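User: Please take a close look at the salt bridges in this model, starting with a pair inside one helix. Then set them against the nonpolar parts.

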Amino acid sequence: MAKGNFFKHWPTMLLGLIVALILLTAVFSFQLNQTEIAVVTTFGRPAVVAEAGLHFRWPYPFQKVYFFDNRIRCYEGSSGKMEETVTNDKHNIIVGIYVNYRISDVAKFFSSFKSIPEAESFLNTQMRSAKNAAFGLYNFDQIITYTDGKAASGKVGLDQISANIKKTLSDETGKFGIDIVDVGINNLGVPKTVSEKVFERMIAERKTDAEGYLAEGKSAAEEIRVKANLERDKKIADAQAEALKLRAEGDAEAAQYYKEFAKDPELAEFLRKIEALRVMIKGRTTLIINTDMPPFDILGKDTVVPGSKPAATK
């Protein structure tokens, strides 16, 4: 009879056994993901477990498991997320930075902080200190660039300041098992009281730049003007010299003709009148003139060409 009762209740007993095994597994083991690393303490003594998978452990209070994310974490700080800091020349600026970090040595990390929030509280203090120290090395006009968006002579790139902050943080946090992967500046501005001074300085610098450009323009214009005047004077002098040369040549040729004309003055006068008419009468022209006035007198019917024989009178 008892044997029959055993077989009658064996499914319930099997289910209970399975539940018990599951509970025992949960109590005596833990699961570690690929993105995690664990510290198992045995009566307070830590041991690092880095391999993903299922691992055995003794239940509390014999052993306790602490899990940490081994991926890169981005932290922007808490109270110092956006706050004022002072430059080397005592100007206030508003700066916000972020830090990308990861746990490089979980044993050191655990012995110092025990948890991520505790570590980030420490990191927040270090970030504020490193930020203030880095920006305090430079003057306001070395950090805030407002000349055409280009870093002029003496300007400091924000990448350089970020590198200084990263070095300071790495020196302070490396001994605690924290690796600073990257540091960046995500906010940079000036308070209202400072921005008014910045605008005044911008206006003054723009005026100075404008005056410089105007002076350069005037100097260049004067240089061009002087060069053009010299070139003009040279060309005028060359033209005058050429004109004098041509006039001398023309006078020499004219002298030859004058000698010929002196032999027959009447022919010379007649030829000059013809040349005058050629100049005055071009193309098809209708004239109403008095043929008694020179040079039109050669158009009269009684005109005799010098050197020719007069027509016989009948």
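Analyst: Arg-225 and Glu-222 both belong to helix α7, residues 192-263, where three residues, about one turn of the helix, separate them. In this predicted model, the two side chains form a salt bridge whose closest N and O atoms are 2.7 Å apart. Arg-225 has a relative accessible area of 46% and is therefore partly exposed. Glu-222 is also assigned to the partly exposed class, because its relative accessibility is 41%.

The count of salt bridges comes to ten. Another of these joins Asp-69 to Arg-71, with 2.9 Å between the closest N and O atoms. Arg-71 is partly exposed at 47% relative accessibility.

The bridge between Arg-128 and Glu-83 has an N to O distance of 3.2 Å. Arg-128 is in helix α4 (residues 116-135) and Glu-83 in strand β7 (residues 83-86), so this pair ties together parts that lie 45 residues apart in sequence. Glu-83 has a relative accessible area of 16%, and since buried means under 20%, Glu-83 is buried. Arg-128, at 31%, is partly exposed. The pair is also part of a salt-bridge network that links Glu-83, Arg-128 and Lys-131.

Next, the nonpolar interior. The largest nonpolar core has 31 residues, and those touching the most other members are Phe-68, Val-99, Tyr-101, Phe-109, Ile-165, Leu-169 and Ile-180. Elements that contribute two or more residues to this core are β2 (36-42), β8 (92-103), α3 (106-112), α4, α5 (140-143), α6 (158-173) and β9 (178-189). Helix α4 supplies the largest share, seven residues. Helix α4 is also where Arg-128 of the bridge to Glu-83 is found.

Phe-68 shows what one of these core residues touches. With neighbours within four places in sequence left aside, its contacts include Ile-37 and Val-39, Ile-103, Val-106, Phe-109 and Phe-110, as well as Glu-36, Lys-114 and Ser-115. A second core, separate and made of six residues, includes Leu-32, Ala-38, Val-40 and Val-49.

Nonpolar side chains also appear on the surface. Trp-10, Leu-14, Leu-17, Ile-18 and Ile-22 make a nonpolar surface patch of about 490 Å². Leu-17, one of its members, sits in helix α2, residues 10-28. The relative accessibility of Leu-17 is 49%, which places this residue in the partly exposed class, as exposed requires over 50%.

Methods
Residues numbered from 1 in each chain as written. Predicted model: local features only at pLDDT ≥ 70, side-chain atom pairs only at ≥ 80, totals over all residues. Heavy atoms only, no water. Patch = residues over 30% accessible without salt bridge, like charges linked within 9 Å, V, L, I, M, F, W, Y side chains within 5 Å. Areas by Shrake-Rupley, 256 points an atom, 1.4 Å probe, with all protein chains shown as cover. Salt bridge = Lys/Arg side-chain N within 4 Å of Asp/Glu carboxyl O. Helix = DSSP H or I, 4+ residues; strand = E, 2+ residues; numbered from the N terminus. Buried < 20%, exposed > 50% of the residue type's maximum accessible area, 1.4 Å probe, protein only. Core = buried A, V, L, I, M, F, W, Y, C linked by side-chain atoms within 4.5 Å. Contact = heavy atoms within 4.5 Å.
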